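Colleague: I would like to learn how to read a few features of a structure. Could you take me through them one at a time?

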Amino acid sequence: DVYKRQTRYRTTSEVVLKASTILIVACFSLVAAASNTVVLGLGAITGSNWSVQGVDVELQTPTTQVTQLVATAEKLVLPAPLVTLHKVSVTCDEATIEANLWLCNAAVLSSVSPRVLIEGRASFDTLSREIGFEGRGGDIGSMRVTLNVRASPESGRIRLKVAPLSVSAMLSEVAPSLSLPVSVEGGSVSAELDARWGSRGLTGNASLELQQLSFADETGFSAAEGLETVIQAKFSHNPSESFVELEVDLTGGALGFDDLYVEVAEQPLELRASAGINRQTQSLRVSDISFDHPGVVNVTGAFTMDLITRELDSLDIKLPNTQAQALYSTYLQNLAWETGFADLEVAGEVSFEAEWTRAGRSRAVANLDDIYFEDREGRYSIYGLDADLHWADSGAVETSSLRWEGGAIYRIDLGRARITGEILGDSFGLSEPAQIEVLD
């Protein structure tokens, strides 16, 4: 008791977990027989796509009932795009070693950046070389979380659940160094993550729920009030490509962008999309895009982009038969504010589809069915408007037609009209003489 005997061993080279851990256990047993404290410096430990650097393990008391076990590391690098932890430690006051299993039922996991403090159950299997931690609830910064981690040299899994907290607190944890041009006035957020990794890369799913979110950016371009949103994603990531399936449901509140303002509470919105990045071709493909605003509009599409030039390579978009009145009053009217089209009475149906590609032929089709619109100030009107418009940038193109039954500009009666022709590139040519009564 006069002095505390301590033995320290440090390896300067990287220790790969696939090397035999039985040798490490044997070293602990031999040295512990003559020491009260054993500190083993492991340097670095690497798995297939994760690593931990600057590892030290300290054991006290040379019996199978260890009074204290402390494992520390300078850095824990999880598979991209998961977060990296700095200055990590696992502390256990009453650990046990039974055969190949190191176990602690009252472990504390902590790190400096991001700030983590979670109590739970830690384990290490020296045969399978699997590390485990089950947190019964703890803190990552200001976030209250439940954590479950399993990791071996070949594979691993992490499950994380974040209890509801304020959005402003969440932003301070996710991007503390960023000066975001957004003022968050209220709202809470909760999240869940389930990710697995192995020799084929990282896969998993995540969800984010926002409640009563209110924000406004400094420029006034975008804002939200009492927004209720659920975001769900399935993802995969490996050295050659990344992929994500995204689902966004807006079920309440109001959302605005520039002159566009939508009351989500009355008309729920759904957004679906799949996106993939190919690192060999440096290209992005976003497919299965679906924006559904029930009773208003449903738009589908896809596009590809060159990530080097940041230019579009192709674009597909489809707008099936849509009620013109709902489309105008919900989206177009706000965009037409302070123009001559800001206050119209509208009826009829519209549809549109387009296919554009940088390397091949591009085309577009627009249809108007029995459209009626009238300026409520009496300046102009038209009714019985039908159109089948076909455009292409090259090759043969179908004949387009535009016709209306009647209308007026101020007090001038337009009468009937019919125009047919071909739209090719930036030119239009009549296929037959135009019939416009007001010009007869």
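Modeller: Gladly! Keep in mind that this is a predicted model. Let us begin with its cysteines: the structure holds one disulfide.

Colleague: What does a disulfide join, and which residues form the disulfide here?

Modeller: In general, a disulfide is a covalent bond that connects the sulfur atoms of two cysteines. Here Cys92 is joined to Cys104, with 1.8 Å from S to S. The pair links distant parts of the chain, twelve residues apart: Cys92 belongs to strand E6 (residues 84–92) and Cys104 to strand E8 (residues 101–113).

Colleague: Is the link of Cys92 and Cys104 right-handed or left-handed? And are Cys92 and Cys104 buried or exposed?

Modeller: The link is right-handed, with 95° about the S-S bond. As for the second point, both Cys92 and Cys104 are buried.

Colleague: Now the strands, please. How should I think about side chains along a strand?

Modeller: The general idea is that in a regular strand the side chains alternate between the two faces of the sheet. To see which strands lie side by side, we look at the bridges. Strand E14 (residues 201–217) and strand E15 (residues 222–237) are paired antiparallel over twelve bridges. Within that pairing, Phe215 is opposite Ala224 of E15.

Colleague: How many residues lie between E14 and E15?

Modeller: Four residues lie between them, and the two strands form a hairpin. In the turn, Gly220 has a positive phi of about 80°.

Colleague: In which sense do E15 and E16 run, and how many bridges join them?

Modeller: E15 and E16 run antiparallel and are joined by 14 bridges. They form a hairpin too, with three residues between them. One residue pair to look for is Glu225, which stands opposite Ala254 in E16.

Colleague: Could we follow one residue of E16 in detail? Where is Gly256 found, and is Gly256 buried or exposed?

Modeller: Gly256 sits in strand E16 (residues 241–257). Its relative accessible area is 9%, which is under the 20% cut-off, so Gly256 counts as buried. Apart from neighbours within four places in sequence, Gly256 is in contact with Phe221, Ser222, Ala223 and Tyr261. For a C-alpha distance, take Glu225: the C-alpha atoms of Gly256 and Glu225 are separated by 8.9 Å, with their positions 31 residues apart along the chain.

Colleague: And how does Ala275 read by the same steps?

Modeller: Ala275 has its place in strand E18. With a relative accessible area of 19%, Ala275 is also under 20% and therefore buried. Leaving out residues up to four places away in sequence, Ala275 touches Ser242, Phe243, Val244, Leu284, Arg285 and Val286. Ser242 is 33 residues from Ala275 in sequence and 8.3 Å away in space, C-alpha to C-alpha.

Colleague: Last topic: pockets. What is the volume of the second largest pocket, and which residues lie nearest its centre?

Modeller: The second largest pocket has a volume of about 460 Å³. Its lining has 18 residues, and those nearest the centre are Leu260, Leu269, Phe291, Val297 and Tyr331. The elements giving two or more residues to this lining include strand E17 (260–263), strand E18 (269–278) and helix H3 (324–335).

Colleague: Which element gives the largest share of that lining?

Modeller: That is E16, with five residues. By residue class, the lining of the second largest pocket divides into 16 nonpolar, one polar and one charged.

Methods: Residues are numbered from 1 along each chain as its sequence is written. This is a predicted model: local features need pLDDT of at least 70, side-chain atom pairs count only at pLDDT 80 or more; totals for chains, interfaces and linings use all residues. Side-chain values use heavy atoms; hydrogens and water are left out. Buried means under 20% relative accessible area, exposed over 50%, partly exposed in between (1.4 Å probe, protein chains only). Contact means heavy atoms within 4.5 Å. A disulfide is a pair of cysteine sulfur atoms within 2.5 Å. On a 1 Å grid over the protein atoms alone, a cavity is a set of points where a 1.4 Å probe fits but cannot get out, and a pocket is an open set with protein on both sides within 12 Å along at least five of seven lines; lining residues have an atom within 4 Å of a point. Grid points are joined across faces, edges and corners, and a volume is the space filled by probe spheres set on the points. Ala, Val, Leu, Ile, Met, Phe, Trp, Tyr, Cys and Pro count as nonpolar, Asp, Glu, Lys and Arg as charged, and the others, Gly among them, as polar. Two strands pair if DSSP finds at least two bridges between them.
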